Amino acid sequence: MARPAWPGRRGWIRDAWTHRTCLQRALCARLLRVDDFVSYWSDLPAPWRRCLHLAWESLSEGSVPVGSVITDGSGAIVAEGRNRAFGDPPPGPGLGGTYVAHAEINALASLPPGDYPDHTIWSSLEPCFMCSAAIFHSHVGTARYAAADPLMAGVSDLPDINDWVRSRWPDRVGPLAGPLGIAAGALHQVWHLRRKPEGVVAVTLRDADPGIAEVAVRMAASGPDTTLAQTLGGVWDDLVALAWLQDGG
Ligand SMILES: [Zn+2]
C-alpha cells in the first residue's frame, strides 16, 4: 500500500492551531507558559538547556544529537556528556568514535564509584537499554528524559527481569510534556533524516509520530551555520501547536 504523502501533514498542524479561537490560543499559551520562544527557553531548568546544547553540538559534529548531564542533590551540574559516535573522545573520561559513545555513558564516565541516590541524570532522549543499564550500575537515583524514543519502547520493563534489579532500579521520569520534549525528539530525528531519509529508523520514527517527524523535516532543512536557537525558534509555532494537541487541545 502506498504511504500517504506525509510532508503535507504540516497543513494538519497548522489547521489544528489556526482554527482555534484567539481566546483558546491565548489560554493555551498561558497554560503552557510559552508566550514566546525566548522566555520559554530562559525559563527552562539549566539541565534541560544544557542537554539540548550538547545534543546540538553532537549534530554539528555529525554524531547522533543526544545530550546528557548529571546533577547532584543541590541541583548543580556535576557531569555532562554527549553522543560522540562519529567524533573524538572527550578531553576527560568518556568514549568517542564508537557506537557505544552514547551521551549518558559519557556523562556517567565522570562519576567515580559510589552511591548517588540524590543525583539525577538528565537526557534529551529516553535512555536506551545500554544506557539504562549503565545508570543502574552507576547507582544514580533518578533518570529524567525529555523525549520518548519509539525505538526503545519497552525499555522501562527492564527492571522486571528480577527482584534485585527492580529494588535498585533508578526512578525514571519522562517524557517531558510541552515543546521541549517535542523539540528534543525532532532533533534526534534530524540526524536520521539527513543520513537515510527513507531508512528503517527514519520511517519507524515517522510512523510513530508524524507530527514530530514533520517538525524534524523542517529542522533538517536548516543550514550548516544555523544556531540551535534559530532552529528551534524557526519551528516554535509548530512545537507549541503539537504540545497543545498532546495536552488535549
Ligand atoms: Zn544509550
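Below are a few worked exercises on this predicted model.

**Exercise 1. Get your bearings: how many helices and strands does the protein chain have, and what percentage of its residues count as buried?**

Start with the inventory: the protein chain holds twelve helices and five strands. Next, burial: 41% of the 249 residues count as buried. Then look at the contacts between residues at least 6 apart in sequence, where 61% join residues at least 24 apart.

**Exercise 2. Work out the order of the strands in the sheet, and say which strands stand at the edges.**

Step one is the order. The five strands line up as β2-β1-β3-β4-β5 in an open sheet with mixed pairing. Step two is the edges: β2 (77-82) and β5 each have a single partner strand, so one side of each has no neighbour in the sheet. From one strand to the next, the twist averages 15°.

Step three is to walk through the pairs. β1 and β2 run antiparallel and are joined by five bridges; you can pick up this pair at Gly67, whose bridge partner in β2 is Arg82. Helix α4 (residues 46-61) packs on the sheet and touches β1, β2, β3 and β4, with its direction at about 145° to that of β1.

Moving on, strand β1 (residues 67-71) pairs with β3 in the antiparallel sense over four bridges, and here Val69 has Trp122 as its bridge partner in β3. β3 and β4 pair in the parallel sense instead, over six bridges. Thr120 is a handy marker for that pair, as it stands opposite Thr142 in β4.

**Exercise 3. Why can strand β3 be called largely enclosed, and what unit does it make with α6 and β4?**

Count the buried positions first. In β3 (residues 116-125), eight of the ten residues are buried, so the strand is largely enclosed by the rest of the structure. Now follow the chain onwards: β3, helix α6 (residues 129-137) and β4 make a β-α-β unit, and the unit is right-handed.

**Exercise 4. Is Arg144 buried or exposed, and which residues is it in contact with?**

First place the residue: Arg144 sits in strand β4 (residues 140-147). Then apply the cut-off, which calls a residue buried at 20 or more other C-beta atoms within 10 Å. Arg144 has 21 C-beta neighbours inside 10 Å, so it counts as buried.

For the contacts, set aside neighbours within four places in sequence. That leaves Thr120, Trp122, Val173 and Gly174. As a final distance check, Arg144 and Glu126 are 18 residues apart in sequence, and their C-alpha atoms are 8.0 Å apart.

**Exercise 5. Find the residues that touch the most other members of the largest nonpolar core, and the helix that gives the most to it.**

The largest nonpolar core has 57 residues, and Ala55, Ala184, Ala186, Val215 and Ala216 touch the most other members. Helix α8 (residues 179-195) gives the most to this core, with nine residues. Take Ala55 as a test case: not counting residues up to four places away in sequence, Ala55 touches Pro65, Val66, Gly67, Arg82, Ser124, Ala184 and Leu187.

**Exercise 6. Describe how α8 and α12 cross, and name the residues that meet.**

Two numbers come first, since a pair of packed helices is described by the angle and the distance between the axes. The axes of α8 and α12 come within 8 Å and cross at roughly 115°. The crossing is right-handed. Now the residues: Pro179, Ile182 and Ala183 in α8 meet Leu239, Val240, Leu242 and Ala243 in α12. The buried residues of α12 (residues 236-246) are Asp238, Leu239, Val240, Ala241, Leu242, Ala243 and Trp244.

**Exercise 7. Where are the cis peptide bond and the positive phi of His139?**

Keep the usual picture in mind: most residues other than glycine have a negative phi, and most peptide bonds are trans. The cis bond joins Gly174 and Pro175, with omega about -5°. Pro175 lies in the loop between β5 (171-173) and α8.

His139 is not a glycine, yet its phi is positive, about 65°. Look for His139 in the loop between α6 and β4. With 15 C-beta neighbours inside 10 Å, His139 counts as partly exposed. Gly248, just after α12, also takes a positive phi, of about 105°.

Notes:
Residues are numbered from 1 along each chain as its sequence is written. This is a predicted model: local features need pLDDT of at least 70, side-chain atom pairs count only at pLDDT 80 or more; totals for chains, interfaces and linings use all residues. A nonpolar core is a set of buried Ala, Val, Leu, Ile, Met, Phe, Trp, Tyr and Cys residues joined through C-beta atoms within 7 Å. A residue is buried if 20 or more other C-beta atoms lie within 10 Å of its own, exposed if 12 or fewer, and partly exposed in between; C-beta atoms are placed from the backbone. Helices (H or I, at least four residues) and strands (E, at least two) are DSSP runs, numbered from the N terminus. Two residues are in contact if their C-beta atoms, placed from the backbone, lie within 7 Å. Two strands pair if DSSP finds at least two bridges between them. A crossover is right-handed if, with the strands pointing away from the viewer, the path from the first strand over the helix to the second runs clockwise. Axes are lines fitted to C-alpha atoms, for helices over the stretch in contact, and angles run from 0 to 180 degrees between N-to-C directions. A crossing is left-handed if the near helix is turned anticlockwise from the far one by less than a right angle, and right-handed if clockwise.
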